[in-house]
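Here are my notes, written for someone fairly new to reading structures. Have the viewer open and click along as you go.

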Amino acid sequence: MENSEGVKIESTVVTEEPLISALDIALFVVIITVAYFWYFKRDKQSSSSEKKPYTIQPSSLSSIEQTSNSSFIKKLKSTGRSLVVFYGSQTGTAEEFAGRIAKEGARYKMKGMVADPEECDMADLVEMKEIQKSLAIFCIATYGEGDPTDNAMDFYEWLQNGDADLEGLNYAVFGLGNKTYEHYNEIAIYIDQRLEELGATRVHEIGLGDDDANIEDDFVSWKEKLWESVCSHYGIEETGEESNIRQYKLVDCSGVLPERIFSGEISRLKSYENQRFPFDVKNPYLSKIAVNRELHKSGDRSCMHIEFDIDGSKMRYDTGDHVAVYPKNSSELVDKIGELLNADLDAVFSLLNTDEESSKKHPFPCPCTYRTALTYYLDITSNPRTHIMKELIEYASDPKDQEKLKLMASSTPEGKKEFHEWILRDNRNIVHILEDLPSVKPDLDHLCELLPRLQCRYYSISSSPKVYPKSIHITAVLVNYTTPTNRVNKGVATNLLAQLIPTNDELPQPTIPIYIRRSQFRLPPKSQTPIIMIGPGTGLAPFRGFIQERDYARKEGREIGEMVLYFGCRKKDEDFIYENELQEYVANGTLTKLHLAFSRDQPEKKYVTHLLEQNADELWNIIGEKSGHLYVCGDARSMAKDVHSIIVKVVMEKGQMTNSQALNYVKKMEQQKRYSADVWS
């Protein structure tokens, strides 16, 4: 026979024994106990599984519906579409570009849809040839050290490991990257080449967008030529229709109960009131600010040491990881938009996708108030892109304002120049545009549709979990600067953090949503391996965690390798952060050498790169003779590039190699994770 778990129980015939023996009774008790435990556990798991899903909005598809709708081919066929635009996006830009391409498809008689590869069965690409005049476009970002975005990882691995026959698939690729990074647009380039290897037909050459220059210009230029190629390839003509078609429709939600209205949650309604592990990008942890202190000793700049309390959260981090902080826009800017547009910011609304087949029902959590949307969900401080200029034209009542917007929305040399000077160089955001073009009065719901999502900010963690398992430390410079129009622009996250000062224990502590993003920036597995750390300014942050971890190992009695730190700042008496800590680590032997460069403490500027050049023997001794590790953290645009050049030169001279051999040596160091960079532009 079988018990309730399907486990076979053998029974035997026993003669000349009581009808029910002690053994029978014991066995019966065991069976009942097991059955009860199984039923209780199943019930508990069932109830907990009901609590697991996190949705962007109440009307999101259930997991079962998403599975059944994972075939984008079925959606294309059932809705008469021939264009699908996939996006691999980490910050939302690639998704935005994908939406713009899909929308423009109507002008070329190609009804389009946007698709997230993570939610699709990408093996269905083999069936694209069944749809007449079909086209798949990929807007793919590369981030980190040549990594795919989280939502494109499965697709990337499918291409790497699979051998699907994609003959008949027509495609085009636009990459989003940054030239200051070594692996510029690496993922997009790979996808473009791999699709061709698998038999697909490239309709238009790959576009490579550079976020360090003007990625908007790169995208618009590529997109115009893309449609020319599409027309040529399919023998079609542009319809000439330039109407601005809304993707979302406004829904009045004034009658919605207060408990059903989002108030800033990233995903699940009331998630900040009822926190549930695990915490991630869609379910951040509302952390208390335990410490917020100034690191600069003097001067007009500010650098904050902030500690996030994660006690009881079950969150774990490793030395070198990043922490993501979800900011909110200043109430001053939000109120200004309401004032300029004469809008009721406390009205409750929702934006509902006009495409009923789309899995993305809302652009952000809905329903909510306009104030909530502008505060928590929308980016109102960055430079708007050209498509927003185009959409604002219809709302300009002054012909001069209208012509200015038309010019900036155009792709003519004059238009690009005007956009670059008036928007990018003068650093105008949407608030500034509405102030300087007073006749432009867009409907607030349409503006909410147009503006990109407010993104979280990433900071290198400046602590070790061995020393601080219940808190996460960051080191952040307060961002404030004056624009050419004499406006003061403020960093969204750092200015918010500056206001979150812990009070005494009797009052509620300030909180902010966070989650941990894993990094490849890691200490060597063996504590005896020598390392060199190069981190001027706040580039010191992850190395503070490295030093703490090695110091912890030393105090445990373990052998630790040499630790050499190169740190630089402007003035020793002004912005030498963590000075006392570093000097103490030197004194106790954890930090072998501390090389300091104070750029403005002498007539000629002195940087860490100058110190590196002076210490070529030391560098080669550690990375060449002792096979140590080298780490760089900080500015990617100049510092990291200069360091790379110096390292190659040292390897050439001290290792007696040619330039080609030295480059290969450094490349091998990178592949072996002996040369790691955590940089930003």
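1. Let's start with a term. A residue is called buried when its relative accessible area is under 20%. With that in hand, 49% of the 681 residues of this chain count as buried. Keep in mind that you're looking at a predicted model.

2. Now the overall make-up. How many helices and strands does the chain have? The secondary structure comes to 22 helices and 23 strands. Take the contacts in the chain with a separation of 6 or more: 75% of them are between residues 24 or more positions apart.

3. Find the little sheet built from three strands. Its order is β8-β12-β13, the sheet is open, and the pairing is antiparallel. Which strands stand at the edges? Those are β8 and β13. Each has a single partner strand, so one side of each is left without a neighbour in the sheet. As background, strands of a sheet pair through backbone hydrogen bonds, either parallel or antiparallel.

4. Stay with that sheet and look at β12, which covers residues 348-353. Five of its six residues are buried, so "mostly covered" is a fair label given the cut-off of under 20% relative accessible area. Five bridges join β12 to β8, and across that pairing valine 251 stands opposite serine 350. Towards β13 (residues 368-369), β12 has two bridges. There, valine 348 is partnered with threonine 369, while phenylalanine 349 has cysteine 368 as its bridge partner.

5. Next comes helix α9, residues 370-377. Six of its eight residues are buried, which leaves this helix mostly covered. The buried ones are Tyr370, Thr372, Ala373, Leu374, Thr375 and Tyr377. What do they pack against? The list holds β8, β12 and β13, along with helices α8 (331-340) and α14 (444-450). You've met those strands already: β8, β12 and β13 make up the open sheet of point 3.

6. Asparagine 283 deserves a click. You'll find this residue in the loop between β8 (248-252) and β9 (285-294). Is asparagine 283 buried or exposed? With a relative accessible area of 1%, asparagine 283 is buried. Its side chain has backbone company, too. The backbone oxygen of arginine 276 lies 2.7 Å from a polar atom of that side chain, and the backbone oxygen of proline 278 lies 2.8 Å from a polar atom of the asparagine 283 side chain.

7. Over to strand β11, residues 322-325. His322 and Ala324 point one way, Val323 and Val325 point the other way, and all are buried. Which strands does β11 pair with? One is β14 (residues 457-460), joined to β11 by four bridges in the antiparallel sense; here valine 325 stands opposite arginine 457. Another is β18 (residues 511-517), also antiparallel to β11 and joined by four bridges. On that side, histidine 322 stands opposite arginine 517.

8. Strand β20 (residues 563-569) is a nice one for practising the idea of burial. Why call this strand largely enclosed by the rest of the structure? Seven of the seven residues of β20 are buried, so the description follows. Both faces are covered: Met563, Leu565, Phe567 and Cys569 sit on one side, with Val564, Tyr566 and Gly568 on the other. For its pairing, look at β19 (residues 531-534), which runs parallel to β20 over four bridges. In that pair, isoleucine 534 has tyrosine 566 as its bridge partner.

9. Last stop: two helices that meet, α16 (residues 541-555) and α18 (residues 579-588). Their axes come within 12 Å and cross at roughly 35 degrees, and the crossing is left-handed. Which residues make the contact? From α16 there are Arg544, Ile547, Gln548, Asp551 and Arg554, and from α18 there are Glu581, Leu582, Tyr585 and Asn588. Sorted by kind, the contact residues divide into three nonpolar, two polar and four charged. Try colouring them by kind in the viewer.

Methods. Residues are numbered from 1 along each chain as its sequence is written. This is a predicted model: local features need pLDDT of at least 70, side-chain atom pairs count only at pLDDT 80 or more; totals for chains, interfaces and linings use all residues. Side-chain values use heavy atoms; hydrogens and water are left out. Axes are lines fitted to C-alpha atoms, for helices over the stretch in contact, and angles run from 0 to 180 degrees between N-to-C directions. A crossing is left-handed if the near helix is turned anticlockwise from the far one by less than a right angle, and right-handed if clockwise. Contact means heavy atoms within 4.5 Å. Ala, Val, Leu, Ile, Met, Phe, Trp, Tyr, Cys and Pro count as nonpolar, Asp, Glu, Lys and Arg as charged, and the others, Gly among them, as polar. Buried means under 20% relative accessible area, exposed over 50%, partly exposed in between (1.4 Å probe, protein chains only). A polar contact is a pair of N or O atoms within 3.5 Å; within protein, one must be able to donate a hydrogen and the other to accept it, and residues adjacent in sequence count only if both atoms are side-chain atoms. Two strands pair if DSSP finds at least two bridges between them.
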